[in-house]
Amino acid sequence: MADRLKGLLGICARAGKLASGEFSSERSVRSGKARLCIVSSDASENTVKKFEDMCRSRKVPFVRAGFGMKELGHAIGCSDRTSVVIEDEGLAQGMNKLIEGGTAHG
């Protein structure tokens, strides 16, 4: 599942439908563009709580990645990333299905 999720993250990045890094991710959630927020497994508890609370109040799905910030950044062609936000509804739904154990198309 992790490899498939990383592949979908790469597609989102190439399509320009992804915000990455804490500042850009937070801006996307607050502006209403976010459709799914993913935080790395090794993010600080403060970062996790900040995004979890922000996403809950704005009804944005929130998940912890099954991999660390090095792998999260690598998946989108960047340096280490603590958080990414998917801004495309279809891609976000596909990732949610994958994360919940279903199959994702894309």
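Helices here are DSSP runs of H or I at least four residues long, numbered from the N terminus. The model is a predicted one, and a handy place to start is helix α2, which spans residues 22-31. Right after α2 comes G32, with a positive phi near 90 degrees.

Within α2, the buried residues are S25, S28 and V29. These three sit on the same side of α2, because the arc they cover around the axis is only 95 degrees. Turn to the face pointing away from that buried side and the exposed residues F23 and R27 show up. As for what the buried residues of α2 pack against, the partners are β1, α3 and β4 (83-86).

Strand β1 takes up residues 18-20, and S20 belongs to it. With a relative accessible area of 18%, S20 falls under the 20% cut-off, so it counts as buried. Its side chain still finds a polar partner: the side chain of R81, at 3.1 Å in a polar contact. Setting aside neighbours within four places in sequence, S20 touches S25, I76, R81, S83 and V84. One of these, S25, is among the buried residues of α2.

Next up is the pairing of two helices, α1 (residues 2-15) and α5 (residues 89-99). Their axes come within 10 Å and cross at roughly 170 degrees. An angle over 145 degrees counts as roughly antiparallel, so that is how α1 runs relative to α5. On the α1 side, the residues involved are R4, L5, L8, L9, I11 and C12, and they meet L91, M95, L98 and I99 of α5. Sorted by class, this contact has nine nonpolar residues and one charged residue, with no polar ones.

Looking at α5 by itself, the buried set is L91, A92, G94, M95, N96 and L98. Three of the residues that meet α1, namely L91, M95 and L98, are in that set. The cover over the buried residues of α5 includes β2 and β4 as well as α1. Both ends of α5 have something to point out. At the N-terminal end, D88 acts as the cap, with a side-chain oxygen 3.2 Å from the backbone nitrogen of G90. Just past the other end, G101 adopts a positive phi of about 100 degrees.

Two loop residues round out the picture. A43 lies in the loop between β2 (36-39) and α3 (45-58). The relative accessible area of A43 is 7%, so this loop residue is buried. Neighbours within four places in sequence aside, A43 is in contact with V48, R64 and T82. A43 and S83 are 40 residues apart in sequence, yet their C-alpha atoms are 8.2 Å apart in space. S83 also turns up among the contacts of S20.

The other loop residue is K59, placed between α3 and β3 (62-64). K59 has a positive phi, near 55 degrees, although it is a residue other than glycine. Unlike the buried A43, K59 is exposed, because its relative accessibility comes to 76%.

Definitions and conventions. Residues are numbered from 1 along each chain as its sequence is written. This is a predicted model: local features need pLDDT of at least 70, side-chain atom pairs count only at pLDDT 80 or more; totals for chains, interfaces and linings use all residues. Side-chain values use heavy atoms; hydrogens and water are left out. Axes are lines fitted to C-alpha atoms, for helices over the stretch in contact, and angles run from 0 to 180 degrees between N-to-C directions. Angles under 35 degrees count as roughly parallel, over 145 as roughly antiparallel, 65 to 115 as roughly perpendicular and the rest as oblique. Contact means heavy atoms within 4.5 Å. Ala, Val, Leu, Ile, Met, Phe, Trp, Tyr, Cys and Pro count as nonpolar, Asp, Glu, Lys and Arg as charged, and the others, Gly among them, as polar. Buried means under 20% relative accessible area, exposed over 50%, partly exposed in between (1.4 Å probe, protein chains only). A polar contact is a pair of N or O atoms within 3.5 Å; within protein, one must be able to donate a hydrogen and the other to accept it, and residues adjacent in sequence count only if both atoms are side-chain atoms. The arc is that of the directions from the helix axis to the C-beta atoms.
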